[in-house]
Each structure stands twice: as structure tokens, then as C-alpha cells.
Amino acid sequence: MEQTRLGTTGTKVSRICLGMMSYGDPAQRKWFLPEEDAEPIVRRAVEGGVTFFDTADMYSLGESERITGRLLPKFFNSRDDYVLATKVYFPMSDGPNDSGLSRKHIMAGIDASLKRLGTDYVDVYQIHRWDYETPIEETMEALHDVVKAGKARYIGASSMFAWQFAKAQHIADAEGWTRFATMQNYYNLVYREEEREMIPLCLDQGVGLIPWSPLARGLLAGNRERGGVRNTVRSETDAFADVLYEDADFDVVDVVKEIAAERDVPAAQVSLAWVLSKPAVSAPIIGATKLRHVEDALAAADLELDEKDIERLEAPYRPHPILGHE
């Protein structure tokens, strides 16, 4: 698989990032896969050239990190052979200081994540959301100290307003602290509000995009249909998706299916190829609970859409309220 620079950093990553959120304790969510079921999926991704993996402390309350930490060393000869990202922000317990982006929680969070992952460092340490209760100066200094301590190579952010991201970068510049190198934003064919401000900002600042939900939580791959029909276990139990999508979004899905039929490929490949065609995108993060999900992602990295295809895919889009920041 092609390797690309992570934003304007010198680090190279595969064009596809495997998201590890789907691996955890099935007792918590029906669609979580235990380690033994996740292993062949991760193995196939590595065989296909994937070297970039993303998780978070709150995924299955740490179990995703534990599974990630046990699986990846099985498939790589050296820790330097893959790029590993995790996140901090969401509650890990009922404790008053076990969430958010305070210095206390960030310092405790990175140590706990490293222990679960079984590694001395992560390549990208990301803030999972914006913390309205903690001064951003406190957060940025703590993240800088994490990098200087050798516990993270870079820092990244996830869904927030562009003004918030710009403010954080400005403070880092003014104080001589580490800047965010990546933005993990919510971006796909049925949610393109990021094109208004965040993506132009990232292009201007050399920040690499590693979008989450590039298949719209499976909507663009056919896991839902008009009228509330659900075709997978996850879609049947994913209440968050009910907030994100509406019937008008199926107009986009219809065009994806048309182009997929013309190309004789699955709809998921077309949708991922569109995300990969965007110049700001370093690597979309895909979730995989079946081997075919990995196969579609690997094939999408080699699928080129022409200008007419892209115009057709983008034409039915309807504006949405800002989503994914909570």
C-alpha cells in the first residue's frame, strides 16, 4: 500500500488507518469483537500494507487498547514499523478527575494508555473532544510536556470548531509548545460541513486529516435503508447514527450505488475512494468487523474516481447542522 506523509510531518503512514474501536468486550456492545475474532482482521490489514492504527482509552473502557497492544507486536518485527494513535478526554470512571483535558487527567491518561498498550510511546496522542471546563493553555502545555517526556511523538485533535482549533494552534505557537499535527474530524460524502472552515484551515496550516466515520457508520456501505431498515447488528443498536443521518442522505447513497454498479465494485470502495481523493486527507480511519471490510478498504486505496464521478457523488449533498462535536 502507498505510504504518505502524516500532514506535513516527516512520518509516513499507510493511506488507510485501521480503527480499533470495534475490538473490545461484546458484553458492552453487541458489535464489539473479542481479541480472537479481531486477530485475523488485523492480520489481513497488516498483510495488505496497513501500518497506521487508531484507538482511544474510552473504547470498551480500555479493552480496545489492551487488544491493540497485544495484537500489533504479533505482526510487526519492531515498534518502529507501525504508527499508533490513541486519545484522551472521555470519562474512564465516575471519578471527578478521570475525564476531560486537565493537566491531571492528561498526565494520568497517557500513563494508563501506555500501560494498556504495552509500549513506551504512542506516535500520535489526541484530544478526543474540546474541553469547555479546562483552559486550553493548560491542555496545550500538558500535551507539550507529554511530547517532551518522550511519551508521544506528535499530538492531534478531533472534532471541534475551526476557531477552537486555530486558538489552540496560536497558543502553542505563542508559547513555543508543540502544535497539533493531525485533525481527526467527522467527514464523509453525507457530512461535508468540514469543507467550510476546518479543512481549509488544515490545508493552510499543514495539518493532516485522518477522518473518522468515512463510511458514515456504514450508511454509505449499505447497512441502512430508507424507512428505518437496518441490515447489520451495529446499525440496529447504533443510536448515535440516528442523530447523525436523515432520509435526505439516501440521495447521496443512491448515487454511490449507481457508480459502484458501473465500476462493478462495492459501494464502500467508492465512498472511501472519494475521501482518499481529497488533498487534505492523509488517511481515513476505517472500522472493520469482517474481512471484507478490510478488503474493500485496501481496494479503495487503488480505486481512482474521475472528475465526473466526483461531481455526481457531490451533487446531491444537503447542508447539515454541525454534528460530531459531542
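A contact here means heavy atoms within 4.5 Å. Keep that in mind for a residue I will come to shortly. One caution before that: this is a predicted model.

Let's start with the whole chain. It has twelve helices and twelve strands. Its radius of gyration is 19 Å, close to the 20 Å that the globule rule gives for 326 residues, so the chain is as compact as a globular protein of that length. Along the principal axes, the C-alpha atoms fill a box of roughly 50 × 40 × 40 Å.

How much of the chain is buried? Of the 326 residues, 59% count as buried. And the contacts? Take those between residues at least 6 apart in sequence: 77% of them join residues at least 24 apart. On the outside, the chain exposes about 13,800 Å². Carbon and sulfur atoms supply 48% of that area.

Now the residue I promised. Thr-139 lies in helix α4. Buried or exposed? Thr-139 counts as buried, because its relative accessibility is 1% and the cut-off for buried is under 20%. Which residues does Thr-139 touch, leaving aside those up to four places away in sequence? The answer is Leu-101, Ile-106, Ile-127 and Thr-134.

Next, a contrast. Tyr-132 sits in the loop between β6, residues 122-127, and α4, residues 136-148. Tyr-132 counts as exposed, because its relative accessibility is 62%. This tyrosine also belongs to a nonpolar surface patch of about 470 Å². Its partners in the patch are Phe-161, Trp-163 and Ile-322.

On to the aromatics. A pair of aromatic rings is described by the distance of the centres and the angle of the planes. The structure holds ten aromatic pairs. I will show you two.

One is Phe-53 with Tyr-82. Their ring centres are 6.3 Å apart and their planes stand at 85°, so this pair is edge-to-face. Phe-53 lies in strand β4, residues 52-54, and Tyr-82 in the loop between α2 (63-75) and β5 (83-88), so the pair ties together parts that are 29 residues apart in sequence. Phe-53 is buried, at a relative accessible area of 0%. Tyr-82 is buried too, at 8%.

The other is Phe-76 with Tyr-82. Here the centres are 4.9 Å apart and the planes are at 40°, so the pair is tilted. Phe-76 counts as buried, at 12% relative accessibility.

Put these together, and Phe-53, Phe-76 and Tyr-82 form one aromatic cluster.

How values were computed: Residues are numbered from 1 along each chain as its sequence is written. This is a predicted model: local features need pLDDT of at least 70, side-chain atom pairs count only at pLDDT 80 or more; totals for chains, interfaces and linings use all residues. Side-chain values use heavy atoms; hydrogens and water are left out. Patches are made of residues with over 30% relative accessible area and no salt bridge: like charges are joined within 9 Å, nonpolar side chains (Val, Leu, Ile, Met, Phe, Trp, Tyr) within 5 Å. Accessible areas come from the Shrake-Rupley method with a 1.4 Å probe; for residues, only the protein chains shown count as cover. A salt bridge is a side-chain nitrogen of Lys or Arg within 4 Å of a carboxyl oxygen of Asp or Glu. Helices (H or I, at least four residues) and strands (E, at least two) are DSSP runs, numbered from the N terminus. Buried means under 20% relative accessible area, exposed over 50%, partly exposed in between (1.4 Å probe, protein chains only). The radius of gyration is taken over C-alpha atoms; the globule rule is 2.2 Å times the number of residues to the power 0.38. Rings of Phe, Tyr and Trp (its six-membered ring) pair if their centres lie within 6.5 Å; planes under 30 degrees apart count as stacked, over 60 as edge-to-face and the rest as tilted.
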